[in-house]
Amino acid sequence: MKKQIIVDDLLIPKFRKLLYDKEHTHIILTSGRAGTKSSAVSIMANAKLVSDPNCSIVVLRKHHNKLRKTVYKEFLRAIKRMGLNKKKHYKVLKSPLEIQYKKNENTVYFTGNDSIDDTKGIIDENKPIKIVILDELTEFFDDGEGEDELSNISATFVRGNDDEFKMIYLFNPPKNPNAPVMQWVRKMEQRPDTIHIHVDYRDVPESWLGKKLIQEAEAMKAVAEKMYQWVWLGLCTGIDDLIYHMMSAKHIRVPPQDIGIIGIGVDYGQKNATTFQAFGVGHDHRLYGLMEYYHSGRDEGAKSPSVYAKDFKEFCRRIQEKYGHYPQYVYIDPSAQGLGEEIARVCPGIIIKNADNRVSVGISRVQKLLSFQWLFLSPEQKMLWEEMKQYQWDPDSVEKGEEKPLKVFDHACDAMRYAAAGLWVYIKDSIPFTEKED
């Protein structure tokens, strides 16, 4: 006889009361890493799908391209955890992304909200939508219209629904307590129909998480208390004036000789500085700065792209001489197409890629690498070191909840960010696993 699985046993105590909550329409769940909020919501939604004879559920992320590997995959895990047979009990579709419980034909619809048309045709005329789940809520504020967009989504799905209806919002809080999503949370908390539950990994049984995960959390706490509070505890720790405040002399290290993949970040300017920052992946899968080139057109005289390309070729020759092989990649400022073409002409063996210019993502990755001591600068990268000691957030943008760096002391920092983003694929599986997924 198959063992009966009790849904309550699959949820941490802080979430169990939500199974029986009839009072709140809006449920906000926040956490640090490993707070189990995504798995809990998938289990609760699946329990509703199975037990209610007449309902449908909508799961939203801001962007379609992130659905299959996140919320859709998490719902399939919930089916397994609840001891149900995916093939026997469910009709699982990949195009469109839908999961239907065969017995009552209740359906979960997975969709993005890249545009207003994405949700127009999703309303189920036969089965009332009783739960709408919005995962990674910060994306709706960072890439969308924030509060207005959430209100429109709620109005779209609640319309014509005389039965129960819940909106569930999930996200990990940003560092900045003034971020728009946190302003929205504080406003929602004033409403009697809203409940906000915050958890962290300490609320989860150790047997669920494993000792390795606990060790990773404690390791971060030992070396970077503030980063630990944000990443693991999900606290809005605030924004320091200096962007790379965790940088210190311990991050200056002579690189090892057995460097593997080498990538060069390039930031280009005419009057502003043009800089090449070379980084390589060591045998320990850490990122090591190798050497730098820095020329200020304003202070030292402007150069043409063709001259900079010749300098770049010499830069690569020096790297090959010192480390035994030629750089494989160059990650260049997307606006510097002319310089990229000149580099391709004089360095035909190197692979040129447009740099990933998502500033907040790039800065966040560099901060994490520095916090884990997974990124080091070479003693030769003197201008980069000087810039990093002065690279600051714009205080006005922080106050508005939209962190942007001041556009000073940023050329070498930008080039480093380009290189780190480009080489991320070669190091992400080796850094402490909490940071593999950005």
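Which element gives the largest share of the lining of the second largest pocket? Keep that in mind while reading these notes; the reply comes in point 4.

1. First, what you're looking at. This is a predicted model, and the chain in it has 17 helices and 14 strands. Draw a box around the C-alpha atoms along the principal axes and you get roughly 75 × 45 × 40 Å.

2. On the overall build: the chain runs to 438 residues, and 52% of them are buried. Look at the contacts with a separation of 6 or more, and 70% of those join residues 24 or more positions apart. As for the outside, about 20,800 Å² is exposed, with carbon and sulfur atoms supplying 49% of that area. Charges come out at 63 positive and 62 negative side chains, and the centres of the two sets sit 6 Å apart.

3. Now the enclosed space. Rolling a probe the size of a water molecule over the atoms shows where empty space is left. Counting cavities of 30 Å³ or more gives one here, and the volume of the largest cavity is about 100 Å³. Its lining is made up of S38, V41, S42, A45, V59, V71, E74, F75, F110, I133, D135 and L170. Two elements, α2 (37–51) and α3 (68–81), each give two or more residues to that lining. The largest share, four residues, is from α2.

4. Back to the opening question. The second largest pocket has a volume of about 390 Å³. It is lined by 19 residues, and the closest to its centre are L18, L19, Y20, M44 and K48. The elements with two or more residues in this lining are α2, β6 (129–134) and β7 (166–171). And the reply is α2, which gives the largest share with six residues. So if you want one helix to click on while reading, try α2: the largest share of the cavity lining is from α2 as well.

5. A residue to look at in that helix is S42, which sits in α2 and is among the residues lining the largest cavity. Is S42 buried or exposed? It's buried, because its relative accessible area is 8%, and the cut-off for buried is under 20%. Setting aside residues up to four places away in sequence, S42 touches E74, F75 and A78. Of these, E74 and F75 also appear in the cavity lining.

6. Next, have a look at I28, in strand β1 (residues 26–31). I28 counts as buried because its relative accessible area is 0%. Beyond residues up to four places away in sequence, I28 touches Y169, F171, W184, V185, M188, T194, I195, H196 and I197. For a sense of distance, I28 and Q328 are 300 residues apart in sequence, and their C-alpha atoms are 46 Å apart in space.

7. Finally, I351, for a contrast in exposure. I351 belongs to strand β13 (residues 351–354). With a relative accessible area of 41%, I351 is partly exposed; that label covers values between the 20% and 50% cut-offs. Which residues is I351 in contact with, leaving aside its neighbours within four places in sequence? They are Q328, Y329 and V330. I351 and I129 are 222 residues apart in sequence and 50 Å apart in space, C-alpha to C-alpha. Q328 is worth a second glance, as it turns up both as a contact of I351 and as the residue whose C-alpha is 46 Å from that of I28.

Terms used. Residues are numbered from 1 along each chain as its sequence is written. This is a predicted model: local features need pLDDT of at least 70, side-chain atom pairs count only at pLDDT 80 or more; totals for chains, interfaces and linings use all residues. Side-chain values use heavy atoms; hydrogens and water are left out. Buried means under 20% relative accessible area, exposed over 50%, partly exposed in between (1.4 Å probe, protein chains only). Contact means heavy atoms within 4.5 Å. Accessible areas come from the Shrake-Rupley method with a 1.4 Å probe; for residues, only the protein chains shown count as cover. Lys and Arg count as positive and Asp and Glu as negative; His and the chain ends are not counted. The place of a charge is taken as NZ of Lys, CZ of Arg, CG of Asp or CD of Glu. On a 1 Å grid over the protein atoms alone, a cavity is a set of points where a 1.4 Å probe fits but cannot get out, and a pocket is an open set with protein on both sides within 12 Å along at least five of seven lines; lining residues have an atom within 4 Å of a point. Grid points are joined across faces, edges and corners, and a volume is the space filled by probe spheres set on the points.
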